[in-house]
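Me: I'm new to this one. Could you walk me through it?
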Amino acid sequence: MTAQAQIKSSFPVRRMDFSFSDVPRYWFNNDPFMTHFLTSLSSLFPEGELFFIDSVRAVRTQIEDPVMQKEISAFIGQEAMHTKEHKAFNDYAQAQGIDIEYLDKRVGKLLGFGKKYLPVKQQLAITCALEHFTATVAAQLMRRDDWNERMNDPVMRKMWLWHAIEESEHKAVAFDVYQKVGGDYATRAIFMVIASTILAIVASEQQVRLMAEDKQLFNLKAWGKGLWSLFGKKGFMSELTLQYLDYFRPGFHPNDHDSDALEKKWKQYLALNG
Ligand SMILES: [Fe+2]
Ligand SMILES: [Fe+2]
């Protein structure tokens, strides 16, 4: 065995194959707002994670470090598996009458525009920004049992927690690649502002669309409860404000936010290897 083949990535690629056929209509706490919020997020993954993979792949030849090459391979493997499983869920949702294909195509067009017109380093800066976002949300999902316990379907709970574990495991890969290929602070910070703004607009618009399609647009109780639980006092997202802002610190590194204990706890709980 060559020295190169003996090097292992710090996290594994796990093969998953979820079956969504028994997932109920409102699988998150019987709540249309939060179910649609997470379905909307799921609709972003196939195109979004392909963009992450492509942006890292585009600079891969510039990386000579064999350890980092292994990390990149494992990162690509994990993201490809997330895409496969979220696509399977999205197809199921589509069959239930939720128009995910429309959302998926629109996100594809938006990211296609970025791929066509932005230099590779800026595309990688977008990936770093969105990977920070997914890593902080992932850790929060693992930390807040009051949230993950509200996923009243065991398959959906397992899929989201598996994805959360892996987002935590590989949270530093794109960032390390960005730094290795000479990515600068200003570009990283500017593209966090741009990526967050676009993500907030897309997520809001998709939420309105999914609620309207489901004839829940004027379910003010669901809107009020959902928005408060996300952005109110002790809200899922509002608690992440400082961690989000930490990305703008010049010396920031994703591993500054330790999530090892959470990963370990949930890997044991879900009986996942690694
Ligand atoms: Fe992912
Ligand atoms: Fe990721």
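Me: How are the donor residues of the iron ion (ligand 1) spaced in sequence?

Reply: The spacing is E-x29-E-x2-H-x80-H-x3-E. Donors here are N, O and S atoms within 2.8 Å of the metal (3.2 Å for Na, K and Ca); water is not among the atoms, so sites may look incomplete.

Me: What am I looking at, and how is it numbered?

Reply: This is a predicted model, where local features need pLDDT of at least 70, side-chain atom pairs count only at pLDDT 80 or more, and totals for chains, interfaces and linings use all residues. Residues are numbered from 1 along each chain as its sequence is written, chains are lettered from A and ligands numbered from 1 in the order in which they are written, and side-chain values use heavy atoms, with hydrogens and water left out.

Me: Which residues coordinate the iron ion (ligand 1)?

Reply: E49 (OE), E79 (OE), H82 (ND1), H163 (NE2) and E167 (OE) do. The distances run from 1.8 to 2.4 Å.

Me: And how far apart are the iron ion (ligand 1) and the iron ion (ligand 2)?

Reply: They are 3.8 Å apart. E79 coordinates both. E79 sits in helix α3 (residues 66–95), while E167 is in helix α7 (residues 154–169). That pair links distant parts of the chain, 88 residues apart. Helices (H or I, at least four residues) and strands (E, at least two) are DSSP runs, numbered from the N terminus.

Me: Are E79 and E167 buried or exposed?

Reply: Both are buried. Buried means under 20% relative accessible area, exposed over 50%, partly exposed in between (1.4 Å probe, protein chains only). E167 has a relative accessible area of 2%.

Me: What are the protein donors of the iron ion (ligand 2)?

Reply: E79 (OE), E131 (OE), E131 (OE), E167 (OE), E167 (OE) and H170 (NE2). They lie 2.0 to 2.8 Å from the ion. Along the chain the spacing is E-x51-E-x35-E-x2-H. H170 counts as buried, at 0% relative accessibility.

Me: What geometry does the site of the iron ion (ligand 2) have?

Reply: The site is irregular, with angles of 50 to 156° among its 6 donor atoms. Here is the rule: four donors count as tetrahedral if all angles lie between 85 and 135 degrees; four count as square planar and six as octahedral if opposite donors are over 155 degrees apart and all others between 65 and 115; anything else is irregular.

Me: Switching topic. How many helices and strands are there?

Reply: The protein has 12 helices and 0 strands.

Me: What about its dimensions?

Reply: The C-alpha atoms fill a box of roughly 55 × 40 × 35 Å along the principal axes. The radius of gyration is 18 Å, which agrees with the value near 19 Å for a compact globule of 274 residues. That radius is taken over C-alpha atoms, and the globule rule is 2.2 Å times the number of residues to the power 0.38. Buried residues make up 53% of the 274.

Me: Which residues have the most contacts inside the largest nonpolar core?

Reply: W27 and W160 do, in a core of 44 residues. A nonpolar core is a set of buried Ala, Val, Leu, Ile, Met, Phe, Trp, Tyr and Cys residues joined through side-chain atoms within 4.5 Å. Helix α7 gives the most to this core, with 7 residues. In soluble globular proteins, nonpolar side chains tend to be buried together.

Me: What does W160 touch?

Reply: Not counting residues up to four places away in sequence, W160 touches W27, L38, L41, S42, F45, H86, L141 and M151. Contact means heavy atoms within 4.5 Å. There is also a second, separate core of 34 residues, which includes L44, F52, A174 and Y178.

Me: Where is A174 found?

Reply: In helix α8 (residues 173–180). A174 is buried, with a relative accessible area of 0%. Leaving aside neighbours within four places in sequence, A174 is in contact with V56, L124, T127, C128 and E131. E131 is also one of the donors of the iron ion (ligand 2).

Me: Last topic, phi. What is phi of N30?

Reply: Near 55°, a positive value in a residue other than glycine. N30 is in the loop between α1 (3–6) and α2. N30 counts as exposed, at 60% relative accessibility. A271 has a positive phi of about 55° although it is not a glycine. A271 lies in the segment after α12. A271 is exposed, with a relative accessible area of 70%.
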